[in-house]
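Trainee: Before we settle on any description, I would like to ask how each term is justified.
Mentor: Then let us set each value against its definition, one at a time.

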Amino acid sequence: MSMIRIPEADVTGWQCKTCGEPLVRKPVELKYLDSLFNVELPVCPACNMVLIPESLAMGKMRQVEQLLEDK
Amino acid sequence: MEQAELRHWERKCIQEESPRCTAACPLHVDVRTVCALLGQKRWDKAWATIAKTMPLPGVLARLCDAPCRDACVRSPLGGGIEMGALERFCAKHAAPVAPPRPLPSRGKAVAIIGGGMTGLCAAWEMARRGFDVTLHCQNPGGSLLDLPESQLPRDAFLREMENLATLGARIRTDVTIDSTLLDSLLETHDAVFIDSDAAPLSLTDLGQPDEITLGTLHTGLFASRAGETSPVMQAAAGRRAANSIERFTQGVSMVSGREQEGPCATRLYTNVEGVAPAPAIPAGTGYGEEQAHEEARRCLQCECMECVKNCEFLKHYKSYPKIYVRQVYNNESIVMGTRQANTMINSCMLCGLCETLCPEDFSMAEVCLEARRTMVRKGTMPQSAHEFALRDMAFANGDRSALARHAPGAETSEYLFFPGCQLTASAPDAVEAAYADLRQRIGSVGLMLRCCGAPAQWSGREALMDESVALLRSQWEELGRPKLIVACPTCLNILRDRLPDAEISSHWSILRALGVGGESVTSAPLAINDPCGARHNPALLEDVRALLDQLHIPTVEPKLTGATTECCGYGGLLAEANPELGTAAARRRAAAADEDFVTYCAMCRDMLAKTGKRAVHLYDLLFPVGGDPGARPSPGYSARRENRARLRERLLTELWRSTGDDASLPHESIEVRFTDEAARAMEERRILKTDIQKVLLQVRETGRCFHNSETGHSLASFRPTVVTYWVEFEETDGGYLVHNTWSHRMRIMGGQA
């Protein structure tokens, strides 16, 4: 998971509606079944709301989830 | 799974049993592989395969009397494979093969007396195993040398004698073969073997050697049984002697585990249905390349694979049950590391077809269901595998869908109609009509809307199953233990199993007895799709056919039908645990008939419909609600829930004149529509309308979301329990239009909902 890079195109145009801020890339902790991952993800710099794009959720994240479930 | 259970299951699967040819061959030559190679014109490789097993191959292959031919499965279909002629072709045309490399010396000396086929083969077999072998005879080859050159060319014989020498065997012709020699050999050697057909009579007067060990009354002295005329049986006697002497010199049991030596029985089953007869190619004076190729191609390459050929799941994992059960066993044994068979275990449809087809009744269903239960008990069952189905079961048994009542206005129930939660989800109007029909025709019929527990059963959740059945039982008892009328074949199986004290009939047998009539709704024949749940219920199979007959509907049967019907891909929760394979199984079943299907399981109906196959449920014919039932789409997952809830609501209002007793939840007031793309994503990703409404309610309450200035769409997430849902949407007048949705199970740390 630490090697994950989200292509720029997957998050183009999104900004935080509440804060009106463009998103920045920041390390975010993700947890599943006692495993913690540090992943750089698009985040609102003001309120820290994290965006998980479709490509990540249905791709690498799903793979890792299934791998962890089989551990 | 205990190791004994593993062995029990492994023994049941006969795929690895020898083909009949190899079993009949006293040397167990791999005839099937030889034929496969000859069928590819790989002459040298075929010969090497023969030579690997045969002693003195250049001699024996030319003389082999091929007992495999009469045992061949091809025998009634044009005649057994002419293996003798194929062996001779190989011996003549293929490149010579060097003798095998002998094992390291054992430091044990064996003397052989008599140099006929048996003695020579014994020498070959023992020399290759690392014995120090000396063959005593005056004329090596004996009567073999009398054979005509056309049958056994002298140079072929001499080449094998050279090979025997290369293996390390010595031949002594400068001795007088008599009892003095025998006595001295017994003194100086670890064991002695006599080729009884090539030794003087004075030495063979030892009584009949033991059939299994070829042992004689004299310890350390072994002898072949005299009078054997079959060359390959003579060779086998040489091998048997070698095996005995090996055991004797090692001091291990002389008899145990020797059942497979020599010609033996095999349990391998090969289905020859559809195999066209093909006459054997006459051997004449010997095959040329084309004839050998053609003859070898007649080989059926015997194997069982009865279950694998007929199951998408078993085929998908590219092996067969004997291997699968080993993988299941290994999967359970893993303490640290990846359990690679989890998905395989969760992909069995538990439909029982393999067990029905298997000549030895191997049941993958039993293996996989038990493995699932073990996984649940040990806490190793992947969380995501069955969660959606179990949530659906909880909904079907929850306040919004479940109901248990006497007939309107009645205080007691003689009968209780149990349509099953998937039928109410798929065809709620027909369920309503069916219930009305039952009340009208047989009087006091109560109604129970709930799930029988199949998802808990199939997912291996025994505690949940017990809990579900206990609740069902208490409701049934509260209603005065009425006779159950059950529409769904799976519910029927589960209820009969778990409510053994209840009197249970299928709705189909009741309808058959009451009679149904009317004009035929179709003149085109329909193909009957028996659900897997009906496999072991001959009465049900018959009732359904009788009903179709009463309806004057012409029917056809697919190849796999009745007791051997195929699962639609939903059984065992395959479609939930492994959706791609579930779809493949549904497609396979859909392709089993050109005609429209008629079935009596709601899941079969909907799984088939999802593939684009036209299919009707019997309810569509008996209780039509208009439209083209064959084209009725399968309701999506959200619609299935709504259908159940609305049916309950409507029945409560219209029949029992009571209002629904539950207020709607806050998120349900969110007006939401979906683009086609979003609707597809919801089905594929198992995301419900209510999940999306919960995300949107949160947006409405907090305003927190992302916005995309290019598309004008907004994006928000919410995690009701264990899954985070994302919804990409735009606001419309008073509601939302959803463009896309996705989910993940990982949690974002730091408080994001």
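Trainee: How many of the residues of chain A count as buried, as a percentage?
Mentor: Of the 71 residues of chain A, 28% count as buried, where buried means that 20 or more other C-beta atoms lie within 10 Å of the residue's own, exposed means 12 or fewer, and partly exposed covers what is in between, with C-beta atoms placed from the backbone. In chain B, buried residues make up 48% of the 753 residues. This is a predicted model, in which local features need pLDDT of at least 70 and side-chain atom pairs count only at pLDDT 80 or more, while totals for chains, interfaces and linings use all residues. Residues are numbered from 1 along each chain as its sequence is written, and chains are lettered from A and ligands numbered from 1 in the order in which they are written.

Trainee: What makes up the pattern of chain A along the sequence?
Mentor: Chain A reads β-β-β-α-α, with two helices and three strands; helices (H or I, at least four residues) and strands (E, at least two) are DSSP runs, numbered from the N terminus. Along the principal axes, the C-alpha atoms of chain A fill a box of roughly 40 × 20 × 20 Å.

Trainee: Chain B has 33 helices and 20 strands; why is chain B called more spread out than a compact globule?
Mentor: The radius of gyration of chain B is 36 Å, whereas the globule rule gives 27 Å for 753 residues, and because the value is well over the rule, chain B is described as more spread out than a compact globule. The radius is taken over C-alpha atoms, and the rule is 2.2 Å times the number of residues to the power 0.38. The C-alpha atoms of chain B fill a box of roughly 115 × 65 × 50 Å along the principal axes.

Trainee: Why is B:Gln234 called buried or exposed?
Mentor: B:Gln234 has 24 other C-beta atoms within 10 Å, so this residue is buried. B:Gln234 lies in helix 11 (residues 231–250) of chain B and, leaving aside residues up to four places away in sequence, touches B:Met117, B:Thr118, B:Cys121 and B:Glu228; contact requires that the two C-beta atoms, placed from the backbone, lie within 7 Å. B:Leu120 is 114 residues away along the chain, yet its C-alpha atom is separated from that of B:Gln234 by 9.7 Å.

Trainee: How do you know that both faces of strand 8 of chain B are covered?
Mentor: In a regular strand the side chains alternate between the two faces of the sheet. On one side of strand 8, B:Val445, B:Leu447 and B:Leu449 are buried, and on the other B:Gly446 and B:Met448 are buried. Five of the five residues of this strand (445–449) are thus counted as buried.

Trainee: What makes strands 6 and 7 of chain B partners of strand 8?
Mentor: Two strands pair if DSSP finds at least two bridges between them. Strand 6 (residues 403–405) pairs with strand 8 in the antiparallel sense over three bridges, with B:Arg405 opposite B:Leu447. Strand 7 (residues 415–418) pairs with strand 8 in the parallel sense, also over three bridges, and there B:Leu416 has B:Gly446 as its bridge partner.

Trainee: Why does the span of helix 23 of chain B agree with what is expected?
Mentor: At 1.5 Å a residue, the 17 residues of helix 23 (residues 462–478) should span 24 Å, and because the end C-alpha atoms are 24 Å apart, the values agree; the expected span is 1.5 Å times one less than the number of residues.

Trainee: Which residues of helix 23 of chain B are buried, and why are they placed on the same side?
Mentor: The buried residues are B:Met465, B:Ser468, B:Leu472 and B:Trp476. They cover an arc of only 75° around the axis, which puts them on the same side of helix 23, the arc being that of the directions from the helix axis to the C-beta atoms. On the other side, B:Ala463, B:Ala470, B:Ser474, B:Glu477 and B:Glu478 are exposed.

Trainee: How many residues of each chain are in contact with the other?
Mentor: 30 residues of chain B are in contact with 26 residues of chain A. Strand 19 of chain B gives the most to the side of chain B that touches chain A, with four residues.
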